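Please look over the sequence and the model below before reading on. The paragraphs that follow lead through it step by step.

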Amino acid sequence: MIYLKTDEEIELLRESNLLVARTLGEIAKIVKPGITTLELDKVAETFIRDHKGIPGFLNYNGYPNTLCTSVNEQVVHGIPNGVPLKEGDIVSVDCGVLLNGFFGDSAYTFEVGIVKPEIKALLDATKASLYEGIKMAVEGQRLGDIGFAVQSYCEERGYSVVREMVGHGIGRNLHESPEVPNYGKRGYGIKLRQGMVLAIEPMINLGKRQIVQEKDGWTIRTSDRSVSAHFEHTVAIRKNEADILSSFKFVEEVLTLQS
Ligand code: MF3
Ligand code: CO
């Protein structure tokens with residue numbers, strides 16, 4: 001069953017997602033060679049709690065941390081650890097918050113120092129594909145239109161789309177119906193309606209699309225160990241254009257100052 005949200009509920013979801021966005025902005029300030037993903041996790045947890053939020057992933061199905069930090073060939077659900085990030089790595093930082101009874105969920109893949117041009121291009125394409133998907137997230141379109149937009153954008157550029165992991169509805173629960181695949185057929189799937197709130201999260205690989213799960217029971221990585229990128233926004237379906245409830249504004253302000 002799909003829970004449609006009222007305008008008031010959407011404003012609460014915007015607050016949760018704003019705290020996620022600000023948390024990712026704090027992470028942007030400190031991602032650099034030598035820092036560990038566990039240090040990033042501590043900063044995020046402290047920042048969220050200082051702003052009256054609860055880390056949204058912590059203890060979810062037993063998940064042990066605040067962030068999912070997925071490095072290089074890791075696709076999603078990487079568990080923060082004590083290994084320092086190295087120059088040339090990329091790290092997807094996925095953050096969830098529970099605030100006023102509603103969840104926020106957003107992810108950004110950061111460059112650690114200087115990254116190879118082919119990897120930078122993968123990041124640019126994955127982020128652009130997220131916005132292509134979001135363009136389709138309006139009342140009257142269908143779920144398959146979102147997936148088609150993401151998939152065609154990425155595959156035209158030679159990248160592959162992870163199939164087994166998908167986006168999701170979000171609200172009082174982190175994961176609600178419907179599932180939001182990053183592949184699909186135009187005109188297929190359920191009709192999008194005002195009040196649906198979706199987390200759209202393309203996971204795009206430089207190599208083959210196949211993935212495996214590590215023995216830790218969480219980390220998903222590419223089978224061929226090729227690099228993978230991940231960006232996520234939470235959006236509300238409206239009549240003319242999607243209302244993006246999360247934001248990369250705080251991250252991108254920091255990154256612009258650094259470049
Ligand atoms: N954005 C990720 C997802 O929706 C967050 C996973 S949270 C975890 O799958 F707790 F399951 F890791
Ligand atoms: Co998500």
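**A guided walk through the model**

In this predicted model, R225 has a relative accessible area of 48%, so it counts as partly exposed. R225 belongs to the loop between β12 (220–222) and β13 (228–230), and although it is not a glycine, its phi is positive, at about 60°. A positive phi is also found at K52, again a residue other than glycine, where the value is near 70°. K52 sits in the loop between α2 (37–50) and β1 (54–55), and because its relative accessibility is 69%, which is over the 50% cut-off, K52 counts as exposed.

From these loops we can turn to the metal site. The cobalt ion (ligand 2) is held by D105 through OD, H168 through NE2, and E201 and E232 through OE, at distances of 2.1 to 2.3 Å. Along the sequence, these donor residues follow the spacing D-x62-H-x32-E-x30-E. Two of the donors bring distant parts of the chain together, since D105 lies in strand β5 (residues 102–111) while E201 lies in the loop between β9 (197–200) and β10 (203–205), 96 residues apart. D105 counts as buried because its relative accessibility is 2%, and E201, at 7%, counts as buried as well. The angles among the six donor atoms of the cobalt ion range from 68 to 168°, and the site is irregular.

Several of the metal's donor residues return in the surroundings of ligand 1, where the residues are F57, Y60, Y63, C68, H77, D94, D105, H168, H175, E201, W218 and E232. Among the contacts, an oxygen atom of ligand 1 lies 2.8 Å from a side-chain N or O atom of H168, and an oxygen atom of the ligand is 3.0 Å from such an atom in the side chain of H77. For the side chain of E201, the corresponding distance from an oxygen atom of ligand 1 is 3.1 Å. Taken alone, ligand 1 exposes 330 Å², of which the protein buries 95%.

The last stop is a sheet of strands. Five strands make up this open sheet, arranged in the order β8-β7-β9-β14-β15 with antiparallel pairing, and its edges are formed by β8 (176–180) and β15 (243–244), each of which pairs on one side only. Strand β14 (residues 233–236) is joined to β15 by two bridges, with the two strands running antiparallel, and V235 stands opposite I244 in β15. At the other edge, P178 lies in strand β8, and the peptide bond joining S177 and P178 is cis, with omega at about 0°.

Definitions and conventions: Residues numbered from 1 in each chain as written. Chains lettered and ligands numbered in written order. Predicted model: local features only at pLDDT ≥ 70, side-chain atom pairs only at ≥ 80, totals over all residues. Heavy atoms only, no water. Donors = N, O, S within 2.8 Å, 3.2 Å for Na, K, Ca; no water. Tetrahedral: all angles 85-135°; square planar, octahedral: opposite > 155°, others 65-115°. Helix = DSSP H or I, 4+ residues; strand = E, 2+ residues; numbered from the N terminus. Buried < 20%, exposed > 50% of the residue type's maximum accessible area, 1.4 Å probe, protein only. Near = heavy atom within 4 Å. Polar contact = N/O pair within 3.5 Å; in protein donor to acceptor, adjacent residues only side chain to side chain. Areas by Shrake-Rupley, 256 points an atom, 1.4 Å probe, with all protein chains shown as cover. Pairing = 2+ DSSP bridges.
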